[in-house]
Amino acid sequence: MVKISIGNYLLNNLNNGIEDDILELISSDEKNLKIHKCVARKSTLLDLLINNNDKGEIIQVKLKYDNHILNLIRDYLYLDFIKLTTYNFKDLFELSDYLSIDDLFILIVEWIFSYNLTIYNSISIFKLIKSSSLYSSKYMGKINKFIYNNLSKIILKSDIYLLQNDEYINLLKDGDLKEITIFESIKIWLCEKQDKKEVFEKFLSENIITPGLLDTYELWHNYFPYLESLNIEISADEKIDILELSNFKSQNRFNYKYDYNKYVWAINLKIKDTID
């Protein structure tokens with residue numbers, strides 16, 4: 001006699017039209033998937049709906065995910081198995097979080113960090129975790145650590161545009177980045193925005209970028225032409241000031257904004273100032 005699990009037994013019953021006590025999940029493409037209530041209770045949300053259903057009506061839950069994703073979720077509830085790929089993990093992450101299927105949710109998160117996290121998708125993973133119930137968990141700390149450890153590469157990847165203003169500015173301020181890296185990243189981040197000129201001018205006024213810390217070659221061939229493309233006017237005197245700082249930076253080997261800020265701080269010290 002061949003033994004099968006209770007999950008396989010119940011799933012086979014559904015496939016053969018044998019329905020006991022069930023509820024239905026409705027996909028975005030209007031397909032109904034039936035699940036036994038005893039299995040659906042693995043989801044905290046579905047368990048709550050079952051407990052609050054006093055009328056004895058069939059519970060129907062409409063979800064914004066397609067039938068394929070819902071089938072994967074249903075199969076996991078019955079069989080404790082799921083195949084994660086780079087194409088389905090995001091939807092499964094969001095849906096398992098929404099349905100509060102905790103064991104599946106953590107399984108997906110661990111899979112992301114073990115097999116799928118790279119410098120190319122780290123920003124999208126950051127946004128995914130931040131928008132979930134894991135916002136204040138150890139996983140938020142893990143993704144932040146990964147980003148900061150690889151910031152000079154990540155800050156130049158195309159998905160940087162996903163960051164909101166405050167998220168992006170915090171990365172630029174907190175990271176130990178060369179000015180050319182900051183400048184190139186800003187151009188990528190601004191690429192899809194309508195208010196490029198206003199945002200770039202704000203970055204200048206708040207010293208998010210210090211153009212004088214760029215090399216002279218970059219100023220002439222990259223920075224000044226970029227200002228012109230944004231219709232940002234710059235006077236001859238302002239150009240001279242920027243170029244003078246660039247030459248001064250090269251002579252004193254200021255490779256990072258931190259070096260320059262430390263120098264400015266030092267030359268402004270007064271005799272009675274206290275050094276922390």
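Helix 5 of this predicted model has a run of buried residues: Phe89, Leu92, Phe93, Leu95, Ser96, Asp97 and Leu99. Those buried residues pack against helix 3 (44–51), helix 4, helix 6 and helix 7 (122–130). Just past the end of helix 5, Ser100 takes a positive phi of about 55 degrees. For the wider setting, the protein has 15 helices and three strands.

**Overall picture**

- The protein is 276 residues long, and 42% of them count as buried.
- If you take the contacts with a separation of 6 or more, 61% come from residues 24 or more positions apart.

**Asn88, in the loop before helix 5**

- Asn88 sits in the loop that links helix 4 (67–79) to helix 5 (89–99).
- This Asn is a buried one, with a relative accessible area of 7%; the cut-off for buried is under 20%.
- Its side chain reaches the backbone oxygen of Lys83 at 3.0 Å.
- Setting aside residues up to four places away in sequence, Asn88 touches Ile69, Leu72 and Lys83, so Lys83 turns up both as a contact and as the residue whose backbone oxygen is reached, while Asn88 itself is buried.

**Helix 6 against helix 8**

- Helix 6 (residues 102–116) packs on helix 8 (residues 138–149) at an angle of about 15 degrees, and their axes are 12 Å apart.
- That angle makes the two helices roughly parallel, because anything under 35 degrees counts that way.
- The crossing of helix 6 and helix 8 is left-handed.
- On the helix 6 side, the contact is made by Ile106, Val109, Glu110 and Phe113, and on the helix 8 side by Tyr139, Lys142 and Ile143.
- Sorted by class, this contact has five nonpolar residues, two charged ones and no polar ones.

**Helix 11 against helix 13**

- Helix 11 (residues 179–190) and helix 13 (residues 216–229) pack at about 30 degrees, with their axes 12 Å apart.
- This pair therefore also comes out as roughly parallel.
- Here, too, the crossing is left-handed.
- Helix 11 brings Ile180, Phe183, Glu184, Lys187 and Leu190 to the contact, and helix 13 brings Glu218, Asn222, Tyr223 and Tyr226.
- The class split for the contact of helix 11 with helix 13 is five nonpolar, one polar and three charged.

**Glu167, a buried charged residue**

- Glu167 is part of helix 10 and is buried, with a relative accessible area of 10%.
- The Glu167 side chain makes a polar contact with the side chain of Lys127 at 2.9 Å.
- The side chain of Glu167 also reaches the backbone nitrogen of Gln164, at 2.8 Å.
- Neighbours within four places in sequence aside, Glu167 is in contact with Phe126, Lys127, Lys130 and Leu162.

**Lys157, in the loop after helix 9**

- Lys157 lies in the loop between helix 9 (151–154) and helix 10 (165–174).
- Lys157 and Ser185 are 28 residues apart along the chain, and their C-alpha atoms are separated by 8.0 Å.
- Not counting neighbours within four places in sequence, Lys157 is in contact with Ile119, Tyr120 and Ile188.

Definitions and conventions:
Residues are numbered from 1 along each chain as its sequence is written. This is a predicted model: local features need pLDDT of at least 70, side-chain atom pairs count only at pLDDT 80 or more; totals for chains, interfaces and linings use all residues. Side-chain values use heavy atoms; hydrogens and water are left out. Axes are lines fitted to C-alpha atoms, for helices over the stretch in contact, and angles run from 0 to 180 degrees between N-to-C directions. Helices (H or I, at least four residues) and strands (E, at least two) are DSSP runs, numbered from the N terminus. Angles under 35 degrees count as roughly parallel, over 145 as roughly antiparallel, 65 to 115 as roughly perpendicular and the rest as oblique. A crossing is left-handed if the near helix is turned anticlockwise from the far one by less than a right angle, and right-handed if clockwise. Contact means heavy atoms within 4.5 Å. Ala, Val, Leu, Ile, Met, Phe, Trp, Tyr, Cys and Pro count as nonpolar, Asp, Glu, Lys and Arg as charged, and the others, Gly among them, as polar. Buried means under 20% relative accessible area, exposed over 50%, partly exposed in between (1.4 Å probe, protein chains only). A polar contact is a pair of N or O atoms within 3.5 Å; within protein, one must be able to donate a hydrogen and the other to accept it, and residues adjacent in sequence count only if both atoms are side-chain atoms.
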